[in-house]
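Hi,

Here is the structure I promised to pass along. Have a look at it first, then read my notes underneath.

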Amino acid sequence: MFRNYRPDRCYIIAEIGGNFTTFDQAKRLIDEAKAAGVDAVKLQTYRAETLSSRNAMFDMENTGVTSQFELFRKYEIGHELHEAVFRYAEEHGLDWFSSPSHETDVDLLEKCGVGAHKVGSDDAVNIPFLRYLAKTGKPIILSTGMSTLEEVQESVAAIKEAGNDKLILLHAITSYPTHPENVNLGAMQTMMEAFPDFDVGYSDHTLDPVASLCAVAMGARVIERHFTYDKAADGPDHMLSADPAEMKWLVDAIRAFEIMKGSGRKEPAASEATTRLNNRKSVVLNRPLKAGDIISAGDISVKRPGTGIEPKHLETLAGRRVIRDLDSDAVLQWSDLA
């Protein structure tokens, strides 16, 4: 479903698709994701026959040169396993959805009752597919790796023209893994400016959680990160996935940032009430004065605490008369003056 999405905090997705082939593996991932504090788990829904020709090859750091068709066939999962995994995620209070790769995948997910659909970057410019997906009326989370801004604009227009404006855009780099020099988080902010009506986030394929945290600090409303129980497990995506400790660190850091971000109003914090008095400065006397004495410029200076006349009034006090005896170092009050 899609119940944990809230306007007041970042939505964190653990991408578990491709990192399991059995229900026990999926349960382990969901248990760990729940413990880490994420909002949702996401699968990948495809059949090798409808996703890849037998001529398509991978040539990436995490896969080497290998047949796409054979790799997809190894990790495709059936309807029953989808249902079981989704049901388990629901029981654990997590949102659950998937990335379909073909119209028949969309139909399968609709039968499962998903609350949203995620579009992988490989389909970011697949306009007929996006129109089909849009007609479900479900929220769409669109990754935009490999895309120009103009292509994203075209895809957004196609989805809206199909009657769906429930859209979230994710900046992504389709390099597995993505190294720091290629992350380009500024492009995420470019999309925020270009699409002010939609939430924008980041789908992270880097090797550690730093980019995700930076993205949140730059305004990302959604973070998607691959998730594994073991970075050394068999499969191409485990190496670039967050393990449980890493995901827990990221979730905690994002939630801490959301607290630190505050209201945006520049005003003293509640915790500064005492230090505002003790650590600011006031006008104080350099020597004792008797009632009726006239203050000269040399009689006063600025020192802590901040419980008296503010320093901004220092130059206006020379020539004023005191109405009571005052000791040296006395913090001058307006009530001390005639």
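Below are my notes on one strand with its neighbours, and on one helix.

A word on the source: this is a predicted model, with local features needing pLDDT of at least 70 and side-chain atom pairs counted only at pLDDT 80 or more, while totals for chains, interfaces and linings use all residues. Residues are numbered from 1 along each chain as its sequence is written, and side-chain values use heavy atoms, leaving out hydrogens and water.

Let's start with strand β7, residues 140-143 (strands are DSSP E runs of at least two residues, helices H or I runs of at least four, numbered from the N terminus). Ile140 and Leu142 point one way and Ile141 and Ser143 the other, yet all are buried (under 20% relative accessible area with a 1.4 Å probe, protein chains only; exposed is over 50%, partly exposed in between). β7 pairs in parallel with β6 (residues 117-119) over three bridges and runs parallel to β8 (residues 167-172), joined by four bridges; pairing takes at least two DSSP bridges. Leu142 sits opposite Val119 of β6 and has Leu169 as its bridge partner in β8.

Now helix α1, residues 23-36. Its buried residues are Ala26, Leu29, Ile30, Ala33 and Ala36. They lie on the same side of α1, because they cover an arc of only 125° around the axis (taken from the directions from the axis to the C-beta atoms). Asp24 and Ala35 are exposed on the face turned away from that buried side. Just after α1, Gly37 has a positive phi of about 95°.

Cheers

Definitions and conventions: Expected span 1.5 Å × (residues − 1).
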